[in-house]
Amino acid sequence: MEKLYKRGIHDENLLNSLKNEEDKEGVLYPLIELVRKSKDLVLQIRDNYFNIYYRGGNVAEVESLNRVKFDKNYFRKCENKTDEDWNAIKSNSDTAKELFKAGKFAEYVDFVTENMEFYWDNVLKGRGVEEKKTQHAICLSNTDKDEYTILDLEYQVSTRSKFHYNENGIRSKDDFTPTPRFDIIAIRNCDHKLCVIELKKGVKALSDPSGVQEHAESFANTIGYNKETKQTFVDEMNNVLKQKRDDLYLLDKRITIDTSLEPEFMYAYQFDSTDKSHPTFESQKKVFKHYQDKKYIDGVNYAYNKRILWLNEGDYTLKGKGEL
């Protein structure tokens, strides 16, 4: 029987390696300290491993001191892969792994992020990077006792989850089960409700695929499908909260989730001043509303009556309950 996917660190050895209790420092505890003190790093728990992100890029996927993964593309220097020096890429990858396994975590992060930034700027030339950076900035700006506390980023629904995409969903096919990804999981601290937030920046991000309606449909056919799927998700994320708060001390002790409340799907939209076709925030809001009011291909409007948090450019703090 295939093991269900469930967010959380289930291996006691891994969890203990991250702690500092009774004067016994776990081998990975200095990495947690580095994240805690950094203004640029965040840690997100997955299924028995965790990711460390820098400006939206995954710096390290960690299972143990001896098992770290990262994207080797970070060490690329050329847009065309045929022009790459793959031996140099392997050498840099080996250097990064050696630094990590030696417990030189600050040096590891500096080495990987320096190459990552070069890759973003000179190889990708910014393609697909801006939304990641915005998402990361929102995470850093909404911690502890702000109006919202970011609990997780990039939540991808596994086919092994109890709330996997419903087989009767409009995008499900005989040989394919969608695995939708939600940008932000947050706690709204005024009522302690868990919120699934889809982030959009600029009107080009609003049309399907992966637009306003499709993300709402994905929620409706996964987490939001019925009472059981909603409760399973809330309980899973409550366990993540407890580990980040009580075991790793990454969140304030006062942060709680009301597990009796159903999770809420909503949007956050940030104004994009570079869009010359819709130069004002009000005009971009109208475009968003246009896509929100459109019915999906099966005649259902999944985005109807979902709240929207409006963010000015450069503003990353989530406030209020949002506009309906």
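Leaving aside its neighbours within four places in sequence, which residues is F100 in contact with? Let's start there, keeping in mind that this is a predicted model.

**Exercise 1. Place F100 and list its contacts.**

Step 1: Find the element. F100 lies in helix α3, residues 86-101.

Step 2: Check the accessibility. The cut-off for buried is under 20% relative accessible area. F100 comes out at 1%, so it counts as buried.

Step 3: Collect the contacts, without the neighbours within four places in sequence. For F100 they are L28, L31, V62, S64, L65, V68, F105 and Y108.

Step 4: Add a distance. F100 and A60 are 40 residues apart along the chain, and their C-alpha atoms are separated by 9.4 Å.

**Exercise 2. Do the same for Y108, one of the partners of F100.**

Step 1: Y108 sits in helix α4, which runs over residues 105-123.

Step 2: With a relative accessible area of 1%, Y108 is buried.

Step 3: Beyond its neighbours within four places in sequence, Y108 touches V59, A60, V68, F70, A96, L99 and F100. V68 turns up in the list for Y108 and also in the list for F100.

Step 4: Now look at a distant pair. Y108 and D258 are 150 residues apart along the chain, with 38 Å between their C-alpha atoms.

**Exercise 3. Work out how enclosed α6 is, then zoom in on Q213.**

Step 1: Count the buried residues. In α6, 8 of the 9 residues are buried, so the helix is largely enclosed by the rest of the structure.

Step 2: Name them. The buried residues of α6 are V212, Q213, E214, H215, A216, E217, S218 and F219.

Step 3: See what covers them. These buried residues pack against β8, β9, β10 (264-270) and α8 (281-293).

Step 4: Pick one residue. Q213 belongs to helix α6, and at 3% relative accessibility it counts as buried.

Step 5: List its contacts, again leaving aside neighbours within four places in sequence. Q213 meets D208, Y291, Q292, K294, Y296, V300, N301, Y302 and A303.

**Exercise 4. Describe the largest pocket, then the second largest.**

A reminder on the approach: rolling a probe the size of a water molecule over the atoms shows where empty space is left.

Step 1: Get the volume. The largest pocket has about 490 Å³.

Step 2: Look at the lining. It holds 23 residues, and G128, E131, K132, D183 and K200 are the ones nearest the centre of the largest pocket.

Step 3: Trace the lining to its elements. At least two residues each come from α5 (130-141), β8 (181-188), β9 (193-201) and α6 (212-220). The largest share, 4 residues, is supplied by α5.

Step 4: Sort by class. The lining of the largest pocket has 14 charged, 7 polar and 2 nonpolar residues.

Step 5: Move on to the second largest pocket, with a volume of about 290 Å³. It is lined by 16 residues, and L41, V42, T143, L250 and L251 are the closest to its centre.

Step 6: Trace this lining too. Two or more residues each come from α2 (29-37), β3 (41-45) and α5. Here β3 gives the most, with 4 residues.

Step 7: Sort by class again. The second largest pocket is lined by 10 nonpolar, 3 polar and 3 charged residues.

**Exercise 5. Pick out two residues with a positive phi that aren't glycine.**

Step 1: Recall the background. Most residues other than glycine have a negative phi, and most peptide bonds are trans.

Step 2: Take H192. Its phi is positive, about 60°, although H192 is not a glycine.

Step 3: Place it. H192 falls in the loop between β8 and β9, and with a relative accessible area of 26% it is partly exposed.

Step 4: Take N305. This one isn't a glycine either, yet N305 has a positive phi of about 65°. You'll find N305 in the loop between α8 and β11 (307-311).

**Exercise 6. Judge the overall build of the protein.**

Step 1: Count elements. The protein has 8 helices and 11 strands.

Step 2: Test compactness. The radius of gyration is 20 Å, close to the 20 Å that the globule rule gives for 324 residues, so the protein is as compact as a globular protein of that length.

Step 3: Get the dimensions. The C-alpha trace spans about 55 × 50 × 45 Å along its principal axes.

Step 4: Check burial and surface. Of the 324 residues, 51% count as buried. The accessible surface is about 15900 Å², with 45% of it belonging to carbon and sulfur atoms.

Step 5: Finish with contact range. Among contacts between residues at least 6 apart in sequence, 66% join residues at least 24 apart.

Notes:
Residues are numbered from 1 along each chain as its sequence is written. This is a predicted model: local features need pLDDT of at least 70, side-chain atom pairs count only at pLDDT 80 or more; totals for chains, interfaces and linings use all residues. Side-chain values use heavy atoms; hydrogens and water are left out. On a 1 Å grid over the protein atoms alone, a cavity is a set of points where a 1.4 Å probe fits but cannot get out, and a pocket is an open set with protein on both sides within 12 Å along at least five of seven lines; lining residues have an atom within 4 Å of a point. Grid points are joined across faces, edges and corners, and a volume is the space filled by probe spheres set on the points. Ala, Val, Leu, Ile, Met, Phe, Trp, Tyr, Cys and Pro count as nonpolar, Asp, Glu, Lys and Arg as charged, and the others, Gly among them, as polar. Buried means under 20% relative accessible area, exposed over 50%, partly exposed in between (1.4 Å probe, protein chains only). Contact means heavy atoms within 4.5 Å. The radius of gyration is taken over C-alpha atoms; the globule rule is 2.2 Å times the number of residues to the power 0.38. Accessible areas come from the Shrake-Rupley method with a 1.4 Å probe; for residues, only the protein chains shown count as cover.
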